[in-house]
Amino acid sequence: MYRDKTKVIHIGDRVIGGGNPILIQSMTNTKTNDVAATVAQIRRLAKAGCDIVRCTVPDLEAAKAIAQIKAQLADISIPLVADIHFDYKMAVAAIEYGADKIRINPGNIGSKEKVAEVVRAARERSVPIRVGVNSGSLEKELIERYHGVTAEGIVESALDKVHIIEDLDYDNLVISIKSSDVMMCVKAHELLADKTQYPLHVGITEAGTVTSGNIKSAAGLGIILYQGIGDTIRVSLTGDPVEEIKSAKLILRTLGLRTGGIEVVSCPTCGRTNIDLIGLANQVETMVQDYALDIKVAVMGCAVNGPGEAKEADLGIAGGIGEGLLIKKGEIVKKVPEGALLDTLKYELDHWK
Ligand code: SF4
């Protein structure tokens, strides 16, 4: 179902579905029971723009840590999702210790009685359950019936799990289906969106290291989100989870699905570039992350084409020989020595009206 019609689900004090803004998620890679490290990482994620964070809960220590982590993060109130594999008792414990949502695959939780225990705990506290299925754990029977791992099989598997929980009269659900095969993932989302009203958590799983993961995620999420499918996203990268947030924001922004934050455009450099534009563009990109302004900043390599190309930006710099031009709304304002370009831009951002 298209995102403006999906069911509204509350996760802590955030909402997804029903046309609400698409929320960005990530997952900590600290040991969850290392409360100090996990809290520190969640703070970094939240500062970068993470809306919902997931922590793995492999044992009771991790479940208990959820309560401490939440208490220490009370000032930023970011919803915490407990990621559960296999042991239903961890799901129940995570809920009792305050998880705002749990992610399970009912298929690997075991008997219906065990799933029922999880649902009972979730119902008691109105905690949503994300039913997560990924292509790597598709049932043998579905692989045989569909002659391999297919989008159809993934969707059927996910809906089977959803029905198990619906049969327990619980519909506070979010669904995720994942595959590292980008086009299979796209097809599966298209099929699933036609068959369910629950919000979809969208991501390309095991996408890879920062470069390949970003490209696969941008391509896959781009196609899925552009069709109006997907209520919350995670970009999975083998790297610092903060990178996932930066990428997710950029993908949403590029698709016009999120506003806010400074967009940096920069030229690819060429033989006309006579300043360290690559270094400068990277410094600018890092610097602007601390600003809540909703503007476009251009970082261009030369004074021949730079000002023209920077016209569409609110603020820009164009390099010369050892110096650069400051450009505001397409007008050249002044010349600045190369070494002072970054500070000049910072001054303008600090005083932007
Ligand atoms: S803005 Fe100037 S330096 Fe950058 S690519 Fe264009 S011509 Fe080359």
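## Thr238 and its contacts

Thr238 touches Gly208, Thr209 and Val210, leaving aside residues up to four places away in sequence. The model behind this contact list is predicted. For one of these partners, Val210, the C-alpha to C-alpha distance to Thr238 is 6.3 Å. Along the chain, Thr238 and Val210 are 28 residues apart.

Thr238 is in the loop between β10 (232-234) and α10 (241-254). Is Thr238 buried or exposed? Its relative accessibility is 57%, so Thr238 counts as exposed, the cut-off being over 50%. Thr238 thus has both contacts with Gly208, Thr209 and Val210 and an exposed status.

## Phe86: positive phi in a loop

Which phi does Phe86 have? The value is positive, about 70°. Phe86 is not a glycine.

Phe86 is found in the loop that runs between β5 (80-83) and α3 (88-96). The relative accessible area of Phe86 is 57%. Exposed means over 50%, so Phe86 falls in that class.

## Asp169: positive phi in a loop

Asp169 also has a positive phi, about 65°. Like Phe86, Asp169 is not a glycine.

Where is Asp169 placed? Asp169 is in the loop between α7 (151-166) and β8 (173-178). Why does Asp169 count as exposed? Asp169 has a relative accessible area of 64%, and the exposed class begins over 50%.

How values were computed
Residues are numbered from 1 along each chain as its sequence is written. This is a predicted model: local features need pLDDT of at least 70, side-chain atom pairs count only at pLDDT 80 or more; totals for chains, interfaces and linings use all residues. Side-chain values use heavy atoms; hydrogens and water are left out. Helices (H or I, at least four residues) and strands (E, at least two) are DSSP runs, numbered from the N terminus. Buried means under 20% relative accessible area, exposed over 50%, partly exposed in between (1.4 Å probe, protein chains only). Contact means heavy atoms within 4.5 Å.
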